[in-house]
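Reader: I would like a close look at a single part of this model. Please pick one place, and then show me what lies around it.

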Amino acid sequence: MTTVSERTTQRIQSLRGIIIGRWFLIAGLGTLGLIQLLANISVVSLTPRAWFFLLLISILYNAAYSFYIRRPPEQMRPTTLQAIAVLQILLDQILFTIIVYITGGVES
């Protein structure tokens, strides 16, 4: 068995922190959206279907990251971890862009 470098261990810990933070963000924004939906006080043009779809996408891709990062560190290559880090940023930016677009652009 190969040993895991300190840099790889730090990258894994950083990715875990990002994933955990994203779970809190998903839970908070999901709860806020649900409260607005139930109270009928929505101030943006986000339909319940679009809200649910965006929430589901966020949950699914964060769950995929969570399952991957739980693997033993010896099974993770540094290049794959770097790709995961870049992919997380890319998917988050795409999702945020979609949310901003759906909710009315920069003015929202």
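**The cavity and its surroundings**

Author: The count comes to one cavity of 30 Å³ or more. Keep in mind that this is a predicted model. The largest cavity has a volume of about 30 Å³. How is such a space found? Rolling a probe the size of a water molecule over the atoms shows where empty space is left.

Start with the walls. Leu-15, Ile-19, Tyr-65, Tyr-68, Ile-69, Ile-84 and Gln-88 line the largest cavity. Which helices do they come from? Each of α1, α2 and α3 supplies at least two residues of this lining. The largest share is three residues, and α2 provides it. Now sort the lining by class. Six of its residues are nonpolar and one is polar. None is charged.

Next, pick one lining residue, Tyr-65, and follow it along its helix. Tyr-65 lies in helix α2, and so does Tyr-61. The two are four residues apart, about one turn of the helix. Both of these tyrosines are buried. The structure holds one aromatic pair. Its members are Tyr-61 and Tyr-65, with ring centres 5.7 Å apart. How do the rings face each other? Their planes stand at 80 degrees, so the pair is edge-to-face. The cut-off for that label is over 60 degrees.

Stay in helix α2 and look at Asn-62. Is Asn-62 buried or exposed? With a relative accessible area of 0%, Asn-62 is buried. Buried here means under 20%. Now list its contacts, leaving out residues up to four places away in sequence. Asn-62 touches Ile-19, Arg-22, Trp-23 and Ile-26. Two of these names lead on. Ile-19 is one of the residues that line the largest cavity. Arg-22 has a charged partner, described below.

Ser-58 is another residue of helix α2, which runs over residues 48-69. Ser-58 has a relative accessible area of 8%, so it counts as buried. Not counting residues up to four places away in sequence, Ser-58 touches Ile-26 and Leu-95. Ile-26 is also on the contact list of Asn-62.

Back to Arg-22. Side chains of opposite charge can pair when their charged atoms come close. How many salt bridges are there? The count comes to one. In this salt bridge the side chain of Arg-22 meets that of Asp-92, at 2.9 Å from N to O. Arg-22 lies in helix α1 (residues 6-39) and Asp-92 in helix α3 (residues 78-102), so the pair ties together parts that are 70 residues apart in sequence. Are these two side chains in buried or exposed residues? Asp-92 is buried, and Arg-22 is buried as well.

Finish with a residue of another kind. Leu-37 lies in helix α1. Leu-37 has 36% relative accessibility, so it counts as partly exposed. Its contacts, leaving aside neighbours within four places in sequence, are Pro-48 and Trp-51. Leu-37 and Trp-51 are 14 residues apart in sequence. In space, their C-alpha atoms are 9.5 Å apart.

Now put the picture together. The cavity draws its lining from α1, α2 and α3. Tyr-65 belongs to that lining, and its ring pairs edge-to-face with that of Tyr-61. Asn-62 touches Ile-19 and Arg-22. From Arg-22, the salt bridge leads to Asp-92.

Technical notes:
Residues numbered from 1 in each chain as written. Heavy atoms only, no water. Buried < 20%, exposed > 50% of the residue type's maximum accessible area, 1.4 Å probe, protein only. Contact = heavy atoms within 4.5 Å. Salt bridge = Lys/Arg side-chain N within 4 Å of Asp/Glu carboxyl O. Phe/Tyr/Trp six-rings, centres within 6.5 Å; stacked < 30°, edge-to-face > 60°. 1 Å grid on protein atoms, 1.4 Å probe; cavity = no way out; pocket = protein on both sides within 12 Å on 5 of 7 lines; lining within 4 Å. Points joined across faces, edges and corners; volume = space filled by probe spheres on them. Nonpolar A, V, L, I, M, F, W, Y, C, P; charged D, E, K, R; others polar.
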